[in-house]
Amino acid sequence: MKTFVAFNFLTCILFSQTILAHETMDMSSHNMQMSMSHDHTITHMQNVHGMYGHYPMTREASGTSWQPQSTPMTGLMFTPNNSVEMLQGFANLIDDHQGGHRGNNLTFSTSMLMFMAEKDFKIGTLGFRSMFSLDPLMGKGGYPLLLQTGETANGETPLIDRQHPHDAVMELAATYSLPLSNLSSAFLYIALPGEPALGPPNFMMRWSSMYNPEAPIAHHWLDSTHITYGVMTFGYVLNTLKFELSAFNGREPDQFRWSMEPPKFDSESARITYNPTDDWSLQASYGSIKSPEQLEPNVNTNRATASAIYNKALGENNWQTTFAWGQDANKPGHTLNGYLLESTIQFHTTHTLFGRFEHVKKDELFLQPSPYADQAFNVMKLTTGYFYEFPTWYHAKPGIGALISGYSLPSNVQTAYGKHPLSYMLFARVAIA
């Protein structure tokens with residue numbers, strides 16, 4: 001396991017550095033230009049329009065979702081031959097200690113490498129998005145995470161108190177946008193895999209959760225469709241409003257994290273997003289998801305979500321807060337609500353404080369023959385953490401951090417988990433800057 005962790009962590013760094021070296025060697029021949037206000041924030045992206053319309057690229061987040069336009073974007077941007085290319089990525093090395101009777105310990109790594117490109121033509125803008133991860137190296141069982149539920153490691157039993165690994169290929173998408181006026185555009189997003197128009201930006205891409213290496217326990221109430229094998233989204237942008245319709249594969253990825261799955265279009269969703277100012281992004285969405293869980297093929301889910309993201313630039317620092325609500329109405333089954341409030345603030349360009357509060361109603365914490373199987377329980381989790389960033393080194397931004405989590409559990413759940421379990425993580429991170 002330690003060999004896999006080291007390989008994962010180092011491979012992400014070497015892969016990103018290899019791509020960067022190749023691009024750097026070609027800079028003079030392609031007349032590439034890059035401008036940064038400080039060593040981890042791209043500033044002239046405010047002058048580059050997005051993939052889906054003629055607004056600043058900083059408004060775009062994961063898939064086709066929006067974030068506040070003032071959100072800083074980390075990574076490297078190049079402009080060869082009147083096109084725009086962007087490289088983002090990170091790798092975390094994590095020492096995980098989950099407390100209580102059901103807790104466990106593990107040292108593992110998570111990672112993401114994303115490449116985007118767009119090019120303008122007389123009849124519109126073509127784009128390409130790709131995202132990769134070496135998460136499958138941690139094993140099909142993922143990593144310990146108290147109160148987390150969803151998906152499976154072996155195709156026979158569900159994952160409980162563990163977070164599943166992401167697939168090696170997280171996104172491969174082609175986009176096309178057609179300007180209709182100075183303020184409006186229509187766009188098409190086709191992906192295998194990709195992210196439909198359902199929920200807020202996924203937790204890996206939200207700035208308010210970017211420094212927190214844990215997945216939210218409300219993940220399957222908000223943004224679990226962010227890796228979907230078969231997505232087609234049509235959207236219309238009118239200045240600060242965006243309307244979207246998606247057809248997609250409702251089934252979540254299986255336990256074979258290295259392989260690609262055939263596309264289906266058996267589910268649908270709609271989302272409306274409104275960015276009233278540069279500092280706000282509001283969305284509401286609804287989806288009808290067919291058979292999302294592999295182990296419950298006869299259960300369909302109607303998911304409703306709403307979220308508000310506020311971002312405030314503080315000179316060379318930043319502060320962002322996200323509030324999100326999601327409801328899963330399972331047919332047959334329970335109607336379950338999940339709430340998330342998270343906030344991250346950066347100061348002196350090197351110190352970052354982050355926190356997350358979640359209140360989720362869960363009905364998958366116990367299996368048969370437990371008397372609590374299929375019962376729904378309200379559980380709460382509070383996480384606080386700190387991250388310190390070192391100076392950038394050859395376009396790599398290293399740092400170290402720690403977090404601690406506490407829980408509020410019903411008395412009958414405390415029997416299984418312990419009365420006051422505590423969990424913590426120590427982690428090192430390197431990001432492309």
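**Exercise 1. Is Arg102 buried, partly exposed or exposed, and what relative accessibility supports the choice?**

Solution. Begin with the scale, in which buried means under 20% relative accessible area, exposed means over 50%, and partly exposed lies in between (1.4 Å probe, protein chains only). Arg102 has a relative accessibility of 27%, so Arg102 counts as partly exposed. Before going on, note that this is a predicted model, in which local features need pLDDT of at least 70 and side-chain atom pairs count only at pLDDT 80 or more, while totals for chains, interfaces and linings use all residues. Residues are numbered from 1 along each chain as its sequence is written, and side-chain values use heavy atoms, with hydrogens and water left out.

**Exercise 2. Find the salt-bridge partner of Arg102 and describe where the two residues lie.**

Solution. In general, side chains of opposite charge can pair when their charged atoms come close. The term salt bridge is used for a side-chain nitrogen of Lys or Arg within 4 Å of a carboxyl oxygen of Asp or Glu. Arg102 meets the side chain of Asp161 in such a bridge, at 3.2 Å from N to O. The pair links distant parts of the chain, 59 residues apart, with Arg102 in the loop between β4 (83-97) and β5 (105-121) and Asp161 in strand β8 (residues 158-163). Strands here are DSSP runs of E with at least two residues, helices are runs of H or I with at least four, and both are numbered from the N terminus. Asp161 has a relative accessible area of 7%, and is therefore buried.

**Exercise 3. Describe the salt bridge between Asp328 and Arg303, and then name the residues of the salt-bridge network.**

Solution. The closest N and O atoms of Asp328 and Arg303 are 2.7 Å apart. Asp328 belongs to strand β16 (residues 317-331) and Arg303 to strand β15 (residues 300-314), so that the bridge links distant parts of the chain, 25 residues apart. Both Asp328 and Arg303 are buried. A network of salt bridges that share partners joins Arg206, Asp223, Glu342 and Arg356.

**Exercise 4. Work out which two contacts Lys242 makes, one with an acidic side chain and one with a ring.**

Solution. Take the charged partner to start with: the side chains of Lys242 and Glu244 form a salt bridge of 2.5 Å, N to O. Lys242 has a relative accessible area of 0% and is buried, and Glu244, at 3%, counts as buried too. Turn then to the ring, where Lys242 lies over the face of Trp66, at 5.1 Å from the ring centre. A charge sits over a ring if NZ of Lys or CZ of Arg is within 6 Å of the ring centre and within 35 degrees of the ring normal. Another charge over a ring is that of Arg429, whose charged end sits over Tyr211, 5.8 Å from the ring centre.

**Exercise 5. How are the rings of Tyr310 and Trp319 arranged?**

Solution. Rings of Phe, Tyr and Trp (its six-membered ring) pair if their centres lie within 6.5 Å, and planes under 30 degrees apart count as stacked, over 60 as edge-to-face and the rest as tilted. The whole structure holds 13 aromatic pairs. In the pair of Tyr310 and Trp319, the centres are 5.9 Å apart and the planes stand at 80°, so the pair is edge-to-face. Tyr310 is partly exposed at 22%, and Trp319 is partly exposed at 34%. Tyr372 and Phe377 also form an edge-to-face pair, with 5.9 Å from centre to centre and 85° between the planes. In this pair Tyr372, at 26%, counts as partly exposed, whereas Phe377, at 5%, counts as buried.

**Exercise 6. Where do Pro332, Pro369 and Tyr394 lie, and what is notable in the backbone at each?**

Solution. As background, most residues other than glycine have a negative phi, and most peptide bonds are trans. The bond from Lys331 to Pro332 is cis, with omega near -5°, and Pro332 lies in the loop between β16 and β17 (335-347). A cis peptide bond also joins Gln368 and Pro369, with omega about 10°, and Pro369 is found in the loop between β18 (351-362) and β19. Tyr394, a residue other than glycine, has a positive phi near 50° and lies in the loop between β19 and β20 (396-408). With a relative accessibility of 60%, Tyr394 counts as exposed.
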